[in-house]
Amino acid sequence: MPTSEVQPDREIAGRTESPILPAPVFDRLIAEMRRFQDLLAGAALPVAEAEQLTTLLATGASSLAEHQVPDVRRDFSNRRDVPSRGQSMTPWFEVVERDHDSVVAQVRFGRFFNGVGGVAHGGTIPLIFDDVLGSLASWERSRSRTAYLNVSYLSVTPLDTPLILEAAFEREEGRKRFLRGTLRNGDTVCAHAESLFVATTI
């Protein structure tokens, strides 16, 4: 099917899945949302421009309100066909290598994730680990949920810098899945994570 077409509704396990925006269209939408977040985080706006922007956002929100659907039908949910799964709440990442037990992803923290001093906010580091490790925990396996995530901070994580996140599936014990991950800036390890995910049918 050409990517310019919107997929029709179809039944999946008794549920109706919505038409999904084509990947290029969805990717551009998320990219512009991320760009907006980064530019807003780095701006010092005059009052008049802030008020104008607020009006534009309110207009956009009203438009979106007309297209609300149940969770199982929305476009913004686990899009594996675009970088970062289309999640604008997480730092941008793109998987560059993947097999059954490992993932290597490129990561970049934009200005939206600024803590202080031009480095990523500490709370955003577990967020990217949880997303990438969680994806690996469920890759070619049943769905799982985070039970435990421990992050050790070894160095600051810079903004607007290409980073590498390496994730590995260590072992499985019944429903328990143990994974680890490392976030690097070149040869410098920024953070390390150890995690436990538990298989679930919910």
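Of the 202 residues in this chain, 32% are buried. What you're looking at is a predicted model, with 3 helices and 8 strands making up its secondary structure. Walk along the sequence and you meet them in the pattern β-β-α-α-β-β-α-β-β-β-β. Plenty of the contacts reach far along the chain: of those between residues at least 6 apart in sequence, 61% join residues at least 24 apart.

**The sheet**

- Start with the open sheet, which has 6 strands in the order β3-β4-β6-β7-β8-β5, paired antiparallel.
- At its edges sit β3 and β5, each of which pairs on one side only.
- From one strand to the next, the twist averages 20°.
- As general background, the strands of a sheet pair through backbone hydrogen bonds, and they can do so in parallel or antiparallel fashion.
- For a closer look at one pairing, take β4 and β6: they run antiparallel and are joined by 6 bridges.
- Opposite V107 you'll find L163, which belongs to β6.

**Helix α3, packed on the sheet**

- Helix α3 covers residues 124–138, and it packs on the sheet, where it touches β3, β4, β5, β6, β7 and β8.
- The direction of α3 makes about 135° with that of β5.
- Does its length add up? At 1.5 Å a residue, the 15 residues of α3 should span 21 Å, and its end C-alpha atoms are indeed 21 Å apart.
- The helix is largely enclosed by the rest of the structure, because 12 of its 15 residues are buried.
- Among those buried residues are I125, I128, F129, V132, L133 and L136, and also D131.
- The strands that the buried residues of α3 pack against are β3 (92–99), β4 (102–108), β5 (144–153), β6 (163–173), β7 (176–185) and β8.
- Just past the end of α3, E140 has a positive phi of about 55°.

**The nonpolar core**

- In soluble globular proteins, nonpolar side chains tend to be buried together.
- Here the largest nonpolar core has 26 residues, and the members that touch the most others are V107, F109, I125, F129, L165 and L183.
- At least two core residues come from each of β4, α3, β6, β7 and β8.
- The biggest giver is α3, with 7 residues.
- I125 makes a handy example: leaving out residues up to four places away in sequence, it touches F109, A120, V151, Y153, T157, L183 and A191.

**A buried serine in β8**

- Find S195 in strand β8, which runs over residues 188–199.
- S195 has a relative accessible area of 4%, so it counts as buried.
- Setting aside residues up to four places away in sequence, S195 touches L133, Y148, L149, R177, F178 and L179.
- One of those contacts, L133, is also among the buried residues of α3.

**Salt bridges**

- The count of salt bridges comes to 8.
- *E32 and R35.* The side chains of these two meet in a salt bridge at 3.3 Å, N to O. About one helical turn separates E32 and R35, because they are 3 residues apart in helix α1 (residues 23–41). E32 is partly exposed, at a relative accessible area of 46%.
- *R141 and D101.* In this salt bridge the closest N and O atoms are 2.8 Å apart. R141 lies in the loop between α3 and β5, while D101 lies in the loop between β3 and β4, so the pair ties together parts that are 40 residues apart in sequence. R141 counts as buried, with 17% relative accessibility, whereas D101 is partly exposed, with a relative accessible area of 36%.
- *D160 and R108.* Their side chains meet in a salt bridge at 2.6 Å, N to O. This pair also links distant parts of the chain: D160 is in the loop between β5 and β6, R108 is in strand β4, and the two are 52 residues apart. D160 is partly exposed, with a relative accessible area of 43%, and R108 is partly exposed too, at 29% relative accessibility.
- *A small network.* D38 joins R108 and D160 in a network of salt bridges.

How values were computed. Residues numbered from 1 in each chain as written. Predicted model: local features only at pLDDT ≥ 70, side-chain atom pairs only at ≥ 80, totals over all residues. Heavy atoms only, no water. Helix = DSSP H or I, 4+ residues; strand = E, 2+ residues; numbered from the N terminus. Buried < 20%, exposed > 50% of the residue type's maximum accessible area, 1.4 Å probe, protein only. Contact = heavy atoms within 4.5 Å. Expected span 1.5 Å × (residues − 1). Pairing = 2+ DSSP bridges. Axes fitted to C-alpha atoms, helices over the stretch in contact; angles between N-to-C directions. Salt bridge = Lys/Arg side-chain N within 4 Å of Asp/Glu carboxyl O. Core = buried A, V, L, I, M, F, W, Y, C linked by side-chain atoms within 4.5 Å.
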